[in-house]
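Student: I have a model open on my screen and would like to go through some of its details with you. Could we start with the aromatic side chains and then move on?

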Amino acid sequence: MSLEFKIPVQTRSRDRVELILKTARELIGEKGIDAVSMREIAQTAGIQIGSLYQYFPGKSVLLLTIMNQYYDLLYDETKRILDPVRTTAELEVAAEIAFKKFITIFQKDPALANLWAGARAIPELVSEDNRDTYRNAELIVKTTLRCLPILKESEVRPFALYFSHTIGMVIRFVREIEVDHGKAVMKESLEILKLRLREFEKLAKQKSKQKKKGN
């Protein structure tokens, strides 16, 4: 079964799809992925089960569509925050802003945490989750190279992938534990980022000196 979802052309159909997605998000936020069935989504949305399957032939397609909406939202926010960054000091500030922004998003929408946690348990969605990790990692790579242009992509990408993948888990964890503990975990994550940036700065200086000697 293909997981590709095509947005309907007709306004009535688009409205129905939005109703389905909204209903699914609310139910998943309340109960979690496994506890919500396609039939319950259809009944709650007030539509026939056949109509639901007409738009979403399987639960994985529905979940992927919802997750892609979240992926795009978080990507757009990350890009908006990182685009103005030109120095590593600015990157540190931007990272803290992004952390706080994403925690707020998770807190306001309980479906996101449930979906993100459940996505790793559904084989069909793992590849999409990894694709999103790579997409966000590219933003980190481009931003770091904008700050330290002498570095190579291959030198930055491993950390960018690591940080892009783990940050989602950190943010979900911060949301689930005591506030003081959450703040401490977030602070520690930012310290790890700062330490890595310091290492990138050292590497950039070393390469700059080598380049001057070569000239």
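Student: Is F159 buried or exposed in this one?
Tutor: The model is a predicted one, and in it F159 is buried, because its relative accessible area is 10%, which is under the 20% cut-off for that class.

Student: And Y162, how does that count?
Tutor: Y162 counts as partly exposed, at 44% relative accessibility. Both F159 and Y162 lie in helix α8, 3 residues apart, which is about one turn of the helix.

Student: What about F159 and F200, what sort of pair do the rings make?
Tutor: The ring centres of F159 and F200 are 6.2 Å apart and the planes stand at 75°, so the pair is edge-to-face. F159 belongs to helix α8 while F200 belongs to helix α9, residues 179–214, so this pair ties together parts that lie 41 residues apart in sequence. Both F159 and F200 are buried.

Student: How many aromatic pairs does the structure hold?
Tutor: There are 4 aromatic pairs in the structure. One of them joins F159 and Y162 in a tilted arrangement, with 6.1 Å from centre to centre and 40° between the planes.

Student: Which residues do the ring pairs link into a cluster?
Tutor: The cluster linked by ring pairs consists of F99, F159, Y162, F163 and F200.

Student: Switching to pockets, how much space lies in the largest pocket?
Tutor: The largest pocket holds about 470 Å³ of space. The elements that each give two or more residues to its lining are α4, α5 (88–108), α7 (123–147) and α8 (153–176), and α8 gives the most, with 8 residues.

Student: Which lining residues lie nearest the centre of that pocket?
Tutor: Of the 26 residues that line the largest pocket, F102, N136, F163, S164 and I167 lie nearest its centre. By kind, the lining divides into 16 nonpolar, 6 polar and 4 charged residues.

Student: N136 caught my eye there; where does it lie, and what does it touch?
Tutor: N136 lies in helix α7, and it is buried, with a relative accessible area of 11%. Leaving aside residues up to four places away in sequence, N136 touches Y75, T78 and S164.

Student: Back to the start of the chain, how far does α1 reach?
Tutor: Helix α1 covers residues 11–31, which makes 21 residues, and it reaches 30 Å from its first C-alpha to its last, close to the 30 Å expected at 1.5 Å a residue. The buried residues of α1 include V17, I20, L21 and L27, along with S13 and T23. Just after α1, G32 takes a positive phi of about 95°.

Student: And α2, which of its residues are buried, and what covers them?
Tutor: Helix α2, residues 38–45, has M38, E40, I41, A42 and A45 as its buried residues. The cover over those buried residues includes α1, α3 (49–55) and α4 (59–82). Just after α2, G46 takes a positive phi of about 75°.

Student: Last one, where is E191 found, and how far is its C-alpha atom from that of E92?
Tutor: E191 is found in helix α9 and is partly exposed, with a relative accessible area of 32%. The C-alpha atoms of E191 and E92 are separated by 9.3 Å, although the two residues are 99 residues apart along the chain.

Terms used: Residues are numbered from 1 along each chain as its sequence is written. This is a predicted model: local features need pLDDT of at least 70, side-chain atom pairs count only at pLDDT 80 or more; totals for chains, interfaces and linings use all residues. Side-chain values use heavy atoms; hydrogens and water are left out. Helices (H or I, at least four residues) and strands (E, at least two) are DSSP runs, numbered from the N terminus. The expected span of a helix is 1.5 Å times one less than its number of residues. Buried means under 20% relative accessible area, exposed over 50%, partly exposed in between (1.4 Å probe, protein chains only). Contact means heavy atoms within 4.5 Å. On a 1 Å grid over the protein atoms alone, a cavity is a set of points where a 1.4 Å probe fits but cannot get out, and a pocket is an open set with protein on both sides within 12 Å along at least five of seven lines; lining residues have an atom within 4 Å of a point. Grid points are joined across faces, edges and corners, and a volume is the space filled by probe spheres set on the points. Ala, Val, Leu, Ile, Met, Phe, Trp, Tyr, Cys and Pro count as nonpolar, Asp, Glu, Lys and Arg as charged, and the others, Gly among them, as polar. Rings of Phe, Tyr and Trp (its six-membered ring) pair if their centres lie within 6.5 Å; planes under 30 degrees apart count as stacked, over 60 as edge-to-face and the rest as tilted.
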